[in-house]
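Colleague: Please take a close look at how the interior of this chain is packed. Then work outward to the helix pairs and the unusual backbone spots.

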Amino acid sequence: MLMLFNSRILLAAPERVSDFAMLDTVGEFHQLSRYQHREALVMMSFDADCSTMDDHITRLQAIQEKWQDQGEKGIEFVLLDSKGIGRNAASGLATPNSLPLLEDTGQLVSASLAIKQAGEVLVLDPFRTTLLFRGMAGAELEQTLAKFLAGNLQETAVTSLHSCPLNYLDRDRHLENSPDYATEVAPIIIDHCTECHRPDGVGPFAMDSHLMLLGWSPMIREVLLNRRMPPTQVDPYIGHSKDARYISTKELQTLVHWIDAGAPRGDSKIDPLEQLDFKNRRQWLLGQPDYIVKGPEIAVASTGVLDYDYHTVELPFTEDRWVRAVQYLAGDESVLHHLMTFVVPPEEDFWGPERQQETATRRFLEGYAPGRITAVEFPPDTGVLIPAGYRLAMQFHYVTSGRSTLDQTMLGLYFHDLPPPYEKLTQVVASHFTVPAGDNNFELTASHHFDNEVVIVGVRAHMHFRGKKMKFNAILPNGENLTLFSVPAYNYGWQPHYLFTDPVTLPADTRIEIVGALDNSMSNPANPNPDADVPFGIYSWEEMFTGYWSYYMPNATGSH
């Protein structure tokens, strides 16, 4: 059996660490810099195969019980899956309910933090992203916490720990033989990044050569580890949507390990990024549309943070039209960040009944998001109805690019020749509330009851700056609760409509619900003012908690 022993505390200048983010084994999102509502984050490396792991956890729990409520904000305690075994393997492990187990897929965070042994404890300052302590759970850890809370800790404290060593086989393999830029790294960049990070793209810099990647490599590494990019907000274990921008563990390892190796150019004479051609981005993928909606000409400023822009577009249709597919062509891709379109009667604006009602049935014509040019074809035998005399209400979200510009986006509509059997609709489910100042996890829920059988084809989460997370659940008539989709790391800047790869059929008498939370604390980097209560409202300085469920009723005919 491996033995533990104490040694004197060694002190060094506070060590800076990279911000990082992970999901835990129940799908909750954790990010170091988003723990600023706590004094510190205490994290222990976990390995179920280590013979002394139970002793390590017992020591940590004793410290947790004593220290978790200390200081003005308390201290957070978590476990870290430093072996990277993944959620499926970890779900059967016996871990304390009070200690979330964070999924370090690919061991990227553990390696970045230089964790060498199971049971190793790190104390991190979320505000300064610095390391306060490294060692074993014992008296020295408690001394460090006491000094830190008293404001007397100026250095990183390090104590000895003899426990089960950790192996980083993938990292060591890449250190010995770095991933090849041309054949391994560039293809990942092309698949996941260059549709936005290209000349005239919405990304803040173009990934159009090895030299550009080299220059931006520290930033690329940072946003990969803290999961800002690719902007995948969803839990990959729940449902699936091509709109979610998933990136695999192997791809993340390849990129991070290549950057850690110095981002070498390799021997290839050809740079794949320099060969990319994005000239033909104004094509209608399904052929010429039956009708082209020309959006308004919108002037976009060169700098600043822009609020949403709302416009209505009149339509000339004197008869009902059924839309079977849509495609957007952005006027200026470098600034258009997203666009949503609803079909509304003449007396309604973009928000329509959502201003007052917590549930409403609406007609949604999909949305635009940066990236690949795509057309959306609705499920077979379905369509979105545009009644005669109705118009389109559009919500535009722009980002600035350093230059003033004019955007006029087009929307191509493709019609059915005859009315389809089923109408595709969108069910709005929302909650009205006031978010208390400083609350980092203001929990909310809202629901709607379907009398008829429905097929759910997609969902979208909508919140404002305080948005934190949202799950889409279905409670079946037999009481079974199904989670169809989860957005554990909501970002106000990214609000895609997640079309399901496999639509989900729900029986009659099913209740759908959204469950989630808002973060009105200092830990939320998007929060304009954590000291203010925030009421419900449609404007961005107010707050919303709304889930959109796109569906059709397979056993119902006729228009809505």
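Modeller: Start with the largest nonpolar core of this predicted model. That core holds 48 residues. Within it, I456, F472 and W549 have the most contacts. Strand β26, residues 454-463, gives the most to this core, with five residues. A second core is separate and has 28 residues. M44, I75, L132 and L153 are among its members.

Next, the helix pairs. Two packed helices are described by the angle between their axes and the distance between those axes.

Take α1 and α4. Helix α1 covers residues 53-67, and helix α4 covers residues 139-149. Their axes come within 11 Å. They cross at roughly 25 degrees. Angles under 35 degrees count as roughly parallel, so α1 and α4 are roughly parallel to each other. The crossing of α1 past α4 is right-handed. From α1, the contact uses I63, K66 and W67. From α4, it uses L141, E142, L145, A146 and L149. By class, this contact of α1 with α4 has six nonpolar residues, two charged ones and no polar ones.

Now α6 and α8. Helix α6 spans residues 181-192, and helix α8 spans residues 249-260. Their axes lie 10 Å apart, at an angle of about 120 degrees. That value falls outside the roughly perpendicular range of 65 to 115 degrees and is not over 145. The two helices, α6 and α8, are therefore oblique to each other. Here α6 passes α8 in a left-handed crossing. On the α6 side, Y181, E184, V185, I188, I189 and H192 make the contact. On the α8 side, the partners are E251, T254, L255 and W258. The contact of α6 with α8 divides into six nonpolar, two polar and two charged residues.

One charged residue deserves its own stop: D407. D407 sits in strand β20, residues 405-407. Its relative accessible area is 0%. The cut-off for buried is under 20%, so D407 is buried. Which residues surround D407, leaving aside its neighbours within four places in sequence? D407 is in contact with P296, E297 and I298. D407 also touches A330, G331 and D332. F396 and Y398 complete the list for D407. S334 is 73 residues away from D407 along the chain, yet their C-alpha atoms are separated by 9.7 Å.

Last, the backbone.

The peptide bond from M229 to P230 is cis. Its omega is near -15 degrees. P230 is found in the loop between α7, residues 210-225, and α8.

Two residues other than glycine have positive phi: Q107 and A263. For Q107, phi is near 60 degrees. Q107 lies in the loop between β7, residues 101-103, and α3, residues 108-112. Q107 has a relative accessible area of 11% and is therefore buried.

For A263, phi is about 55 degrees. The loop that holds A263 runs between α8 and β11, residues 291-294. A263 has a relative accessible area of 2%, so A263 is buried too.

Helix α8 links several of these views. It packs against α6, and it borders the loop with the cis bond at P230 as well as the loop with A263.

Methods: Residues numbered from 1 in each chain as written. Predicted model: local features only at pLDDT ≥ 70, side-chain atom pairs only at ≥ 80, totals over all residues. Heavy atoms only, no water. Axes fitted to C-alpha atoms, helices over the stretch in contact; angles between N-to-C directions. Helix = DSSP H or I, 4+ residues; strand = E, 2+ residues; numbered from the N terminus. Left-handed = near helix turned anticlockwise from the far one by under 90°. Contact = heavy atoms within 4.5 Å. Core = buried A, V, L, I, M, F, W, Y, C linked by side-chain atoms within 4.5 Å. Buried < 20%, exposed > 50% of the residue type's maximum accessible area, 1.4 Å probe, protein only.
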